[in-house]
Every structure is written in structure tokens, then in C-alpha cells.
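Please work through the exercises below with the sequence and the coordinates at hand. Each task is followed by a solution in steps.

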Amino acid sequence: MSNLFKRTHMCGTLNIANVGDEVVLNGWVAKRRNLGGLIFVDLRDKTGIVQVTFDDTIPQDVFEKADTLRNEYVIGIKGTVKERSSKNTNLATGEIEVFANDIVIYSEADTPPIYIKDDDNVDDNLRLKYRYLDLRKLKMQRNLTFRHKVVKVCRDYFDENGFTEVETPMLIKSTPEGARDYIVPSRVHQGSFYALPQSPQLFKQLLMVGGTDRYMQIVKCFRDEDLRADRQPEFTQIDLEMSFVDMDDVINMQEGFIKRVFKEVMDIDIETPFPRMTWDEAMERYGSDKPDTRFGFELKKLNDTVKDCQFKVFTDCLESGGDVRGICIDGGSEFFSRKDIDKITNDTKAYGAKGLVWIRVNEGEYNSSVNKFFSQEQLAEIAKVFDAKIGDLILICSDRPKVVFDSLGFLRREIARRMGLLNDKQYNLLWVVDFPLFEKDDETGELKAMHHPFTSPKLEQIELLDTHPEEVKANAYDIVLNGVELGGGSIRIHDRNLQAKMFEVLGLTKEECEEKFGFLIEAFKYGAPPHGGLAYGLDRLVMLLLGEPSIREVMAFPKNQNAQCLVSDAPAPVDDAQLDELGINTKKIQ
């Protein structure tokens, strides 16, 4: 067993002020170069890389040992910091080097299957299979350290504001929360199952009933749903709840937290209060309840302008209760070719759109995909709605409102991305408030809770629950950064009669309520305070602040797009003895 060199410094922390210091470093060999009488080794740890130099003035056995080094060997060195005669401006430690006089090799390494450098462009599945190698990259270490700092600010801030961190159960009863549960079989109660929590929603409300007053938790949550760049089967929430508060109290508390994260972690001052926008306004202007306000391209409604036109696609849509809306792309006519327009038109089909109408605003005329149905005067009237200028491109969608909003909401952001208008260093924060309390299920047409059934309606609209429930607004709020929802929450229902009315509107029988939420209903019988809260997606927050494209870049061991852990090969079969003990028979679904 080699002797341990007790390090005095981290590799990336050395600088010109350390010249003359005797140092001990530990790390991995990132690169080795032998120039005969000189051996250069780039030594890497989580803080960065420093050049270590071995020359022929040191003991022969030390020089020979240095000559055996290969990439990813784990070593320790002792040496003296000296100023470099040829400085490397691309390296944070490029003004100095360490002349080594002793070395220990802790472990040798085979040639790694991936390069340990930030810009390796290796396949994602290979990165995830060898994640322990991928994590050696300086970018990944910076990301994990950044995440740690965000979590530290979180705990410090909420502790200073009277919050108590409380752990809630991981093995719970399955309750409907919008996504499929991960379920866990019980050995003791064969045939019964626990669920892994999609959120601690019910338990944090019980903590308010229990007098905790202000609760927070950095908590793992689980949802069995299709994956995408900002979604994982297991993810982390910053979960919060407060008693005796209204919406303004919750929002003010959260703005203080976000302001502090930006300042302490990124040294950026952001202005508070953040703008607030109603859900109706967000949808009308941006086609999304998480609007990106870094650029324009706002939606305009064209129903009145085209209601008497000869284009049956528009008129039939309006007669069936649909909408005709569009966006205007500044300078888009020259930027997007006909082929480009066909491509983005095809992309919107994923959101239900059957096609797009385009209008190019040229000097002296309008060129359009529907020229034979519209006169130049009619096209001019459409262009006037958008205040369109020469060189602009107008894109129009007609369908039922949800399809139009979803399609144009996607389109405006996708076009901004293609035009290079999404500045990751610009941080546009806002609150979206006054959500609908209910939405209609696309398949059944029945009402369902837009957030969850414990969200309080606006108290002045409670009477509408009996007559026009679809018009009721929720006491709910989402915080949005650059078109991505950072977190969301609501003031909860604390009155058991109102909670019973909510369940009734959702079509739940007393028996169903008792089966699914009986323990919460029971708790409300004994006095529940007014309360409300919010939950952030920690992974998503860190991803956005770092400007990363995926939450996998800020998680140590994420799953791939098929919800597999490629490091450990999970999920995996278990042996028959385990299944027998649980009383489970398995069969393959054809």
C-alpha cells in the first residue's frame, strides 16, 4: 500500500501568489508529455488543472516513476511552485507550474472508454454508462458544486425565515396526482403496495395541521412518465409550506429567496418584485402559461379580421368555435426560406396543428400561401393587426383554442431559438397568477383540477362552483424564468366543507374521497390553519442558472431516456425467491 501524501492545496487554486511555496497535490493525470529531460504532467482534481514538471535534477527513481505515468493514473506529488516562463492564458493556473521532487502512484488506470474533457461530444448513453468517468470532467464538477451552493443558500435562507426542515415518508399510499406512481410491494401485507411520492403535498398540509407553521424540505420525488430534457423519473424538489398566509406572503418570501440565490451563487443583482401576469394574459399574448418574455413575436387574434374571408379553413374553424391567431417574425421573411417554413410547419403538428398559413411582407406587395383566397387589401388588413413591416413574416394557425395556443406558443420560442434570440445570460423572471381552477379532460370532457384538488378557488368566486365551475379562478401561482416553470404553488383549501365541494365538482363520490384522501379529510376535522406553499424543481433551477440544455447535466447519476440507470443496469429482474416472498407472479406483456 502506497504512502498517502497529505495535500496542502487543490490543483486549480494555485496562482502567482503561491510562487516559492512547497506544496503537496493529489489528483488524476489528465495528460503526460515526455520531452527527454523533462516530463510534463497535467494534474487534475475537482478544482482544475495545474502543470507539474519533472526534470533530471530530481532523484532518478522519482523521474523514472514519472515516466511510467499514463492518463487517469491517480497520483500524489510534492514540489515547489514556480512562475512559468511560457504562460498558458487558456488555463486558470497558466502563470505557474509545480516542479515536483517526489511522487506516489496510488492506482494505475486502463485506457478510459471516454475522453475526460468537457468538449468530448461523446454519445449520451456512453457518458451515462461511465458516469464515474464523466464526473471527472471539470464542467461536471463545477455543476455539482454550483448545485451544492444553491442548496446551501436555500437551507440558510429558509432557516433564517423561520422554516423547519422536516422529512416526509417515502413509502406512502397511492393518490391521484396527475402522473403514474412508482409502486412498491409490501412483504408484510401481501397484495398491497406502497407508492413512491410524486410530491409531499398531503403530508406537508398535515404538517400545517400539526402546527409546524413553516416547513421546507429538499426532497426526492418520483413520477413514472415519459422523459424529456428537463424531466427524470426521480427528481428533487425544494418543497415549502406556510401557515396563516395569503398569496402575496408566499410570493414575497420566494422573491427574497430567488434574489439571494442569484446574488450569492452568481453575484447577479436582480430586481424585485417580479412582474405578475394573469394566466389569461399569458395565453393571449404568448400562447403559454410559462411565457418567455426575452423577445417579442406575441400572438394576435384574427377572428374579426378574417371572419368574412373566402378561405374555408378559417371560416369553418370560426363556425365550430375555434380561433385564428398568428405571430409576426421581425425580419423573418429573409431569414426563413420556403423549405424552413415547411419544416417548422411540420414541427407544429406535434401540438395538433394541421398546418400554418404564411404571409411575407414584401415591398409593395404581400406574398402568401393563400394568395388565391385573399386580395392584397385583405392581406394588408391582416398585416396591420401585427404592425408588420417590410421583411416580416406572419405565421397563422387556426384550430380549437388549445391547439392554437400550444402550436404558436411552441413556434414563437422555436423561431427565437433558430434566430439566436435566446440569451442565456438574460434572466426574465415573472409570476403567472389566476389560473383556472379546472380544465377539461381532452378525452372525456370532464372537469379535472388544473393543479390538484387541494388548491383554493378565489374566495369571491366560490358561488360559481355550483353554476359555472369552469369560470372559477384558482388561488395559484407559478414562477417562470425564460419560458420555463421554476416552481408552482397555491393557497390550499383549509375548510373541510369547501374541500368536500371541490371533490363534488370533480365528480368524486364520498366513498372515493374517503378511499383516496380520507386521512387528510379526517385531519381537517380537528382544525386546519389557512396555509399555502410552493415547490421548485431544484434540478431545473440549477439547469437554467447554468445555461445547460438538460437536467442530466446537473444530476450526479441520472437515468437515460428509457428511465434506465446505465451505471448499475437498473431496472433489473429479481430472483424468484424474492418474488415468492412478496407474493408476486410476473408475466411478460406481449
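The exercises treat a helix, a strand with its partners, and a pocket in this predicted model.

**Exercise 1.** Determine whether the end-to-end span of helix α4 (residues 138–160) agrees with the expected value.

*Solution.*
- Helix α4 holds 23 residues, and the rise is 1.5 Å a residue.
- The expected span is 1.5 Å times one less than the number of residues, which gives 33 Å for α4.
- The C-alpha atoms at the two ends of α4 are 33 Å apart, in agreement with the expectation.
- Among the buried residues of α4 are Phe 146, Val 150, Val 153 and Tyr 157.
- Residues three or four places apart on an α-helix point the same way, because a turn takes 3.6 residues.
- Just after α4, Gly 162 adopts a positive phi of about 85°.

**Exercise 2.** Establish how strand β22 (residues 531–537) is enclosed, and identify the strands that pair with β22.

*Solution.*
- Buried means under 20% relative accessible area; 7 of the 7 residues of β22 are buried, so the strand is largely enclosed by the rest of the structure.
- One side of β22 carries His 531, Gly 533, Ala 535 and Gly 537, and the other carries Gly 532, Leu 534 and Tyr 536.
- Strand β10 (residues 234–243) pairs antiparallel with β22 over 7 bridges, with Glu 241 opposite Gly 533.
- Strand β21 (residues 484–491) is joined to β22 by 5 bridges, also antiparallel, with Gly 488 opposite Ala 535.

**Exercise 3.** Characterise the second largest pocket by volume and lining.

*Solution.*
- The volume is about 640 Å³.
- The lining comprises 26 residues, with Ala 30, Lys 31, Ile 49, Ile 116 and Lys 117 nearest the centre.
- β1 contributes the most, with 3 residues.
- By class, the lining has 12 charged, 9 nonpolar and 5 polar residues.

Note on methods: Residues numbered from 1 in each chain as written. Predicted model: local features only at pLDDT ≥ 70, side-chain atom pairs only at ≥ 80, totals over all residues. Heavy atoms only, no water. Helix = DSSP H or I, 4+ residues; strand = E, 2+ residues; numbered from the N terminus. Buried < 20%, exposed > 50% of the residue type's maximum accessible area, 1.4 Å probe, protein only. Pairing = 2+ DSSP bridges. 1 Å grid on protein atoms, 1.4 Å probe; cavity = no way out; pocket = protein on both sides within 12 Å on 5 of 7 lines; lining within 4 Å. Points joined across faces, edges and corners; volume = space filled by probe spheres on them. Nonpolar A, V, L, I, M, F, W, Y, C, P; charged D, E, K, R; others polar.
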